[in-house]
Amino acid sequence: MLNYLVLTLIAYSVSLALTPVVRDIALRLGAVDMPGGRKIHSVPIPRLGGISVALAIGIAILGAHGLELATREFILDLKAWTPVFLGAVTIFLIGVWDDLRPLPALLKLLFQAAAAGIAIWFGIRVEYLSTLGGGTFDLGIFAIPITFLWIVG
């Protein structure tokens with residue numbers, strides 16, 4: 001349990017440290033959301049914040065791997081998380097692209113659908129739903145469409 005707390009603190013600290021750096025880079029690159037129209041902000045808002053979050057998660061994962069090597073204690077099965085990582089990298093890349101050069105909503109939706117498809121293809125499924133009474137409901141043939149909607153939604 002202490003290992004997970006350490007990894008959470010690593011991710012938090014890295015994100016906290018990187019966010020101002022990424023903010024400055026976004027401002028220098030002009031990757032900002034300008035006020036106007038239906039937007040509620042009155043000053044330009046830097047984009048690219050996902051970079052600091054993604055780097056923090058990546059460093060925490062490397063930290064988990066380092067802890068495994070140092071303690072010989074199993075912490076994180078990276079192979080089992082591969083489908084999630086592949087989908088997340090797809091979403092991350094399209095997000096950065098959108099932050100630098102805004103993309104049409106349909107193109108973003110198509111990439112999100114592709115990321116969900118990748119995760120589903122590699123075995124990620126919502127197969128059961130829990131009921132309020134503590135039981136479960138088997139989704140059967142609806143597992144794939146429900147998983148797709150869950151991920152994209």
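**Exercise 1. Is Asp-98 buried or exposed, and what is its relative accessibility?**

Before solving this, note that the model is predicted, with local features requiring pLDDT of at least 70 and side-chain atom pairs counting only at pLDDT 80 or more, while totals for chains, interfaces and linings use all residues. Residues are numbered from 1 along each chain as its sequence is written, and side-chain values use heavy atoms, with hydrogens and water left out.

Solution. Step one is to fix the classes: buried is under 20% relative accessible area, exposed is over 50%, and partly exposed lies in between, with a 1.4 Å probe and protein chains only. Step two is to apply them: Asp-98 has 13% relative accessibility and therefore counts as buried.

**Exercise 2. Describe the salt bridge of Lys-108 and Asp-98 and place both partners in the chain.**

Solution. A salt bridge is taken as a side-chain nitrogen of Lys or Arg within 4 Å of a carboxyl oxygen of Asp or Glu. The side chains of Lys-108 and Asp-98 satisfy this at 3.4 Å, N to O. Lys-108 belongs to helix H4 and Asp-98 to helix H3, so that the pair links distant parts of the chain, 10 residues apart; helices here are DSSP runs (H or I, at least four residues), strands are runs of E of at least two, and both are numbered from the N terminus. Whereas Asp-98 is buried, Lys-108 is partly exposed at 27%.

**Exercise 3. Work out which residues share salt-bridge partners in one network.**

Solution. The whole structure holds 4 salt bridges. One of them joins Lys-39 and Asp-33 at 2.6 Å, N to O, with Lys-39 partly exposed at 40% and Asp-33 buried at 18%. Through shared partners, Asp-33, Lys-39 and Arg-47 form one network. Another salt bridge, between Arg-23 and Asp-24, has its closest N and O atoms 3.9 Å apart.

**Exercise 4. Characterise the aromatic pair of Trp-97 and Phe-111.**

Solution. Rings of Phe, Tyr and Trp (its six-membered ring) pair if their centres lie within 6.5 Å, and planes under 30 degrees apart are stacked, over 60 edge-to-face and the rest tilted. The structure has 2 aromatic pairs. In the one formed by Trp-97 and Phe-111, the centres are 6.3 Å apart and the planes meet at 75°, an edge-to-face arrangement. Because Trp-97 lies in helix H3 (residues 82-100) and Phe-111 in helix H4 (residues 105-121), the pair ties together parts that are 14 residues apart in sequence. Both rings belong to partly exposed residues, Trp-97 at 41% and Phe-111 at 30%.

**Exercise 5. Name the members of the largest nonpolar core and examine the contacts of Leu-48.**

Solution. A nonpolar core is a set of buried Ala, Val, Leu, Ile, Met, Phe, Trp, Tyr and Cys residues joined through side-chain atoms within 4.5 Å. The largest has 5 residues, namely Val-22, Ala-26, Ala-31, Leu-48 and Val-96. With neighbours within four places in sequence left aside, Leu-48 is in contact (heavy atoms within 4.5 Å) with Val-22, Ala-26, Leu-29, Ala-31, Val-96, Asp-99 and Leu-100.

**Exercise 6. Locate Val-43 and relate this residue to Asp-33.**

Solution. Val-43 sits in the loop between strand E1 (32-33) and strand E2 (45-46), and its 48% relative accessibility makes this residue partly exposed. Val-43 and Asp-33 are 10 residues apart in sequence, and their C-alpha atoms are 8.6 Å apart in space. Beyond neighbours within four places in sequence, Val-43 is in contact with Asp-33 and Pro-35.
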